[in-house]
Amino acid sequence: MTMKRALTLILVFELICISGVVGVKYSNIVLIGATGDLAKKYLWQGFFNLFLEKSDENNVFHFYGATRAEKEKGDPQLQKILEERVTCKDVDRKDCQEMKSKFMQATEYFQLKTADHYAELAMTMEKSMAEKGSEEVGTLFYLSVPPFTYATIVASIATECRPVGDAWLRVVLEKPFGKDITSAEELSKDIEAYLKEEEVYRIDHYLGKIGVKHIMPFRFQNQQTYEKLWNKDHIERVEIVMKENMDVKGRIGFYDEYGVIRDVMQNHLTEILALVAMEIPDNISDVTEHHVRKLHLMKQILPLSPESCVLGQYQEYNDQIRAELDKADDFESVTPTYATVAMEINNPRWKGVPFILMAGKMLDEKSSYVRIIFKQNIMCITKSENTPGFCHPRQIVFSTSTSDSKTPVLLVSKTLPEPNLSSDLKLFNTDSNKEVFGLPASHYFAYTSDSNPSAYSNLITSVYAGQKDKFIGTEDLLISWKIWTPLLQGVQGRKPRLYPGDKANGDWLDVVTLGNKVKYVNDDVSLVGSDPLHQSEYIRSIPADFRYRPLVSGSTDIILRQLTRDMEALAIAYVEQEGSFHMALSGGTTPNLLFCSLVLNAAQFPWENTHIWQVDERCVDSKSHLLNFKSLQENLLQYVPISQGNIHSMPVELTNSPYQEGKDLGSAMYETEIKNLIPHESLDFVLLGVGEDGHTASLFPGQPDTESDEALVRLADNGPQNLAPRRLTMTLNLINKAKNAAVLVCGQKKREIVSLLQNVGKDATKWPITGVELVDGELAWYIDHDAFL
């Protein structure tokens, strides 16, 4: 205790003795950052609501609005805010205007810049209490200031303004609470040096929203009917969404440093996930039990990887950042303004259920909700137009953005049990046929709340009451950052998909999930001739051709689907014109993905009239897993209606004939078969790949006579350093006679060779793929983004 504080306490004691008045409870509320945007919009109204609810002749409040500015400047600003922003609009009290006058009289401005200012504030508070002859209940400091100032302010509060005796000290901190696990730990240590854990209230205003407040009570009050449905066997997915239709003008300096994941997902949406997924406490009012169960749940969230999210950025963002922060014309930020993240919880209740967190700016509407979508395993035979039959979607929706008592806070499909709810939720008439989340509104049990104060009002009241279950503890904070930090590190520098904003987004940001993996439904495609208005700058940077031949580029799935469509169209055309379709397929892992796509997507492929040839084959035992034909059989042939007589496998068993030792009869036999069945030895279609060394088919670098070889098929050397088995392969002579050919290249391992091939000329001895130049045919490249970018 400082000497100033000790002298003040003596003065207080003397004044109380003189006044003789005891028994009045006195609370001090100090708002630091009293003229900031948050204070104007929400905090002063929240403190006024607390004053209305709790103040009386025996419970006295004194409010201090503090900034670093001198009183001559700060006091007029504060008075203007109180006059204009503190209203009785939503207050149901006849004496509200009178109470506002009293509230303003109980509020004064105070400069807090140095440690001496805090000591002076302590003396002012104690003198005021003494004059009223009151007993201090406690002091609440609300820090609506940037986090980098917390350590200095907290040190001054603890040193100069800590209450004595049984009076409490509560310090409210606004987010962000760090940028990652390291900075969060450092910030927590700075605060722990001066404040006890029970004195720290990290505020998450989303936990004060009316819809969020009802998640746990709903679960607690409906355990008998809903707890048996609240699991992986009955729930398909959980969506936790925060859509905003505004940009970030005015706060772009902060936003560009943090981005959408740090701004709302690591905190607001993660906290909501915990309320939906954690085990219900035996006593819903037991803060300690609630905290233990929440922490246990958060430790079961599976690690997030870059594949767990997609990122976006509205198109005007970089123009705004250049203007607002005075950046150079070529400055480009990759900070995401939109993200969807799929999370998965590794426990018996939730294993396999995706929790999809989505947030973004400049979306089609302002809407926030938690949507629990139940599985639909019932097959309905009779169509029902007007009644909510069992085949309609089954879902529960908590609105987390509702501020209007005429708007539902909670929607429950009538195909689910009618819930038992607390008295402040009232059944709402939903006769309307307006569609809400895929159902007419009349198909829901809908509930509203008569009492709907702002989230900040709810939380300010909770701080005053010491209810810590609605606030973020140190352990909660650090566990959350452990979940999110690896993802943030994994996507650092990733360029987000650009989107136009508002309703022009259409389905451009729609996603599909599998477990804790997520990707765009309309993947980031760059197809030749596609509409450039629907591609990001990142996608538009891909050229329209590769080595002067048409290029199709996109995600692996996209290029496989496109190649499937192209092959199907060719097959149909050649069968109609010539009665048959001859295609040669390379071996390897990448073609296996294409084979699966052909089975699943090529519904019109004329398999009965198709002949399949092999581009190359390893000279191994017929049971070996290295055999290309084995992969062809397992991934394609067993699933399609093709005649055995139309399957032309390479006779590798004859490459070392037992009848003529050392003679290769396999090449000659395959070449003869081609000449007999394929007119002019011109295949209709050839599928090729590219090795990391530039080889194609089984034509490896350094092999002699690659281009001058007049054979159609030959026995190739063993490949690089004789590590691979000997192989039969089609030659460039045969390949270049084809009418159509496609080169399929996928995966990050191919980036180096793809980059090299963009810049080198033709040298088939060094890079055999460069020797593929169809004489009269059409060649196209299909390269996925992993290989290209």
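User: Before we start, what counts as buried, and what percentage of the residues in the chain is buried?

Analyst: Happy to help! Buried means under 20% relative accessible area. This is a predicted model, and its chain has 789 residues. By that cut-off, the buried share of the chain comes to 54%.

User: How many helices and strands does the secondary structure come to?

Analyst: Good thing to settle early. The chain's secondary structure comes to 23 helices and 32 strands.

User: In what order do the strands of the open sheet of seven strands lie?

Analyst: Let's start from the edges. β3 (107-111) and β18 (471-472) each pair on one side only, as edge strands. The pairing within the sheet is mixed. From one edge to the other, the order is β3-β2-β1-β4-β5-β6-β18.

User: Which residue in β2 stands opposite Asn-28?

Analyst: Strand β1 (residues 24-32) and strand β2 (residues 59-67) run parallel and are joined by eight bridges. Across from Asn-28 in β2 is His-62.

User: Is strand β5 largely enclosed, and how many of its residues are buried?

Analyst: Nice strand to look at. In a regular strand the side chains alternate between the two faces of the sheet. Here Trp-168, Arg-170, Val-172 and Glu-174 point one way from β5, while Leu-169, Val-171 and Leu-173 point the other way, and all are buried. The strand (residues 168-174) is largely enclosed by the rest of the structure, because its buried residues number seven of the seven.

User: Which residue of β5 is the bridge partner of Leu-140?

Analyst: Strand β4 (residues 134-143) pairs with β5 in the parallel sense, over six bridges. Between the two strands the chain passes through helix α6 (residues 150-160), in a right-handed β-α-β crossover. The partner of Leu-140 in β5 is Arg-170.

User: And which residue of β6 stands opposite Glu-174?

Analyst: On to strand β6 (residues 200-203), which pairs with β5 in the parallel sense over four bridges. Together with helix α7 (residues 181-192), β5 and β6 make a right-handed β-α-β unit. Opposite Glu-174 stands Ile-203.

User: How do helices α2 and α3 pack, and at what angle?

Analyst: Helix α2 (residues 37-54) and helix α3 (residues 71-85) have axes 10 Å apart and pack at an angle of about 75°. Angles of 65 to 115 degrees count as roughly perpendicular, so α2 is roughly perpendicular to α3. The contact is made by Lys-40, Lys-41, Trp-44 and Gln-45 of α2 with Leu-78, Ile-81, Leu-82 and Arg-85 of α3. To come back to the value you wanted, the angle is about 75°.

Key:
Residues are numbered from 1 along each chain as its sequence is written. This is a predicted model: local features need pLDDT of at least 70, side-chain atom pairs count only at pLDDT 80 or more; totals for chains, interfaces and linings use all residues. Side-chain values use heavy atoms; hydrogens and water are left out. Axes are lines fitted to C-alpha atoms, for helices over the stretch in contact, and angles run from 0 to 180 degrees between N-to-C directions. Angles under 35 degrees count as roughly parallel, over 145 as roughly antiparallel, 65 to 115 as roughly perpendicular and the rest as oblique. Contact means heavy atoms within 4.5 Å. Buried means under 20% relative accessible area, exposed over 50%, partly exposed in between (1.4 Å probe, protein chains only). Two strands pair if DSSP finds at least two bridges between them. A crossover is right-handed if, with the strands pointing away from the viewer, the path from the first strand over the helix to the second runs clockwise.
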